[in-house]
Amino acid sequence: MMMVGLWISACAHVETRLPVPDVDRLHREAATQENLAFKRYTSMLTRLDRVSAIILAKNADICAKTRLDIGVRTHTLKSYPKHLREAAGRQLGATKTASILRANPQTAFLPADILLNEERPAISDGDKVFQKYLQDGASSVFVRRGDEIIEVPITPRAVCDYRVSLKFSGAVNAYATGKSIIVTTSMMDFTDTDEELALVVGHELAHNTMGHVRKIIQNTILSGFATRTTRPFEAEADYVGLYYMARAGYEIEGVEMFWQRLGVVNPKSIFRAKTHPITPSRLLSIRLTAQEINHKREKGEDLVPNKLRQPK
Ligand SMILES: [Zn+2]
């Protein structure tokens, strides 16, 4: 019925004299909002990159799937949401060709350098050809810097091979696809500290490394009842994810309070959750895991999740 009401009012006339903004001011305000939106997006991306890079690097020794990383983040116009691409071109010089957005200070790369592969054409973001080139033991790569081609020394290091990306969304959410990790802009806002963000990234990394996406599909096929079967996997991602976070050097003490804050803004999740454990259970389980990790640290044991005893 509401839809009908809106439809009718769209055809009718308003009764009051409405203000008419000046066109120039309208354009200026639009530019201001676009710039602020782009600034917000890029600062979130920088933060997400910083936290996830540490987690992906520090857990490479226990991730089954790794790739080589040379400490740069490349970008093209397509790296940005459609409505921010113009701003990305204007403010960061993004083009259709992959170039360096950010480089670790330890490297000799500069923003706007264009990575070239052995045959010297520009490579696109995440190109497998470039990975192959690194696996062959390259100790330097060529970049186009302005009009020059420069050889830059590199020290590739192994990182867990899962791409991390930021998604524009009003939902406080993060998810894993089996190959990548996606965190929403609202989740970035909700995570008060880098520790909380590390908790989220660690959880999603665990979904990927433990093969949960594949297992959930299998369970669904076998039981025909998806919702309840995902709960143990969520609990396992919390458990393994906290280890990933601790191994990356993040402070785990008190990070479980994230789940109290989430329960407060989403009270339904305190009592009932179809696909996930309830928030009080997640908080207490993470606290128990933190105790387990601290105990291992005190005894000088390896920080690896406890496995179930395998049946003989
Ligand atoms: Zn999950």
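Biologist: How are the donor residues of the zinc ion spaced in sequence?

Modeller: In this predicted model, the zinc ion is coordinated by H203 and H207, each through NE2, and by E234 through OE, at 2.0 to 2.1 Å. Read along the sequence, these donor residues follow the spacing H-x3-H-x26-E.

Biologist: By how much of a helix are H203 and H207 separated, and in which helix do they lie?

Modeller: Both histidines, H203 and H207, are buried. They belong to helix α6, which covers residues 194-209, and because they are four residues apart there, the separation of H203 and H207 in α6 is about one helical turn.

Biologist: Is A198, which is also found in helix α6, buried or exposed?

Modeller: A198 has a C-alpha atom 6.2 Å from that of V51, although the two positions lie 147 residues apart in sequence numbering. The relative accessibility of A198 is 0%, and since buried means under 20%, A198 counts as buried.

Biologist: What is the geometry of the aromatic pair formed by F38 and Y80?

Modeller: The structure holds six aromatic pairs, and the one formed by F38 and Y80 has its ring centres 5.7 Å apart, with 50° between the planes. This pair links distant parts of the chain, with F38 in helix α2 (residues 23-58) and Y80 in the loop between β2 (72-75) and α3 (85-92), 42 residues apart. F38 and Y80 are both buried. As planes under 30 degrees apart count as stacked and those over 60 as edge-to-face, the pair of F38 and Y80 is tilted.

Biologist: How many residues apart in sequence are the parts that the pair of Y41 and F168 ties together?

Modeller: Y41 and F168 form a stacked pair, at 5.5 Å centre to centre and 5° between the planes. Y41 is buried at 3% relative accessibility, whereas F168 is partly exposed, with a relative accessible area of 33%. Because Y41 lies in helix α2 and F168 in the loop between β8 (163-167) and β9 (174-176), the parts tied together by the pair are 127 residues apart.

Biologist: Which residues do ring pairs link into a cluster?

Modeller: One pair is formed by F38 and Y80, and another by Y41 and F168. Ring pairs link these residues into a cluster, whose members are F38, Y41, Y80 and F168.

Biologist: How far from the centre of the ring of F190 is the charged end of R261?

Modeller: This contact brings a charge and an aromatic ring together, with the charged end of R261 sitting over the ring of F190. The distance from the charged end of R261 to the ring centre of F190 is 4.4 Å.

Biologist: Which element gives the largest share of the lining of the second largest pocket?

Modeller: The second largest pocket has a volume of about 780 Å³, and its lining has 17 nonpolar, eleven polar and seven charged residues. Several elements each supply at least two residues of that lining, including β9, α7 (212-223), α8 (226-247) and α11 (279-298). The largest share amounts to six residues, and the element that gives it is α6.

Biologist: Which residues lie nearest the centre of the second largest pocket?

Modeller: One of these residues is H276, which lies in the loop between α10 and α11 and is partly exposed at 30% relative accessibility. The C-alpha atom of H276 is 6.9 Å from that of T230, and the two are 46 residues apart in sequence. Out of the 35 residues that line the pocket, those nearest its centre are N173, W259, T275, H276 and R282.

Biologist: What distance separates the C-alpha atoms of R287 and Y239?

Modeller: R287 has its place in helix α11 and is partly exposed, with a relative accessible area of 35%. Along the chain R287 and Y239 are 48 residues apart, and in space the separation of their C-alpha atoms is 9.9 Å.

Biologist: What is the value of phi near which A112 is found?

Modeller: A112 is in the loop between β3 (99-103) and β4 (114-116), and at 52% relative accessibility A112 counts as exposed. Most residues other than glycine have a negative phi. A112, a residue other than glycine, has instead a positive phi, with a value near 85°.

Terms used
Residues numbered from 1 in each chain as written. Predicted model: local features only at pLDDT ≥ 70, side-chain atom pairs only at ≥ 80, totals over all residues. Heavy atoms only, no water. Donors = N, O, S within 2.8 Å, 3.2 Å for Na, K, Ca; no water. Buried < 20%, exposed > 50% of the residue type's maximum accessible area, 1.4 Å probe, protein only. Phe/Tyr/Trp six-rings, centres within 6.5 Å; stacked < 30°, edge-to-face > 60°. Lys NZ or Arg CZ within 6 Å of the ring centre and 35° of its normal. 1 Å grid on protein atoms, 1.4 Å probe; cavity = no way out; pocket = protein on both sides within 12 Å on 5 of 7 lines; lining within 4 Å. Points joined across faces, edges and corners; volume = space filled by probe spheres on them. Nonpolar A, V, L, I, M, F, W, Y, C, P; charged D, E, K, R; others polar.
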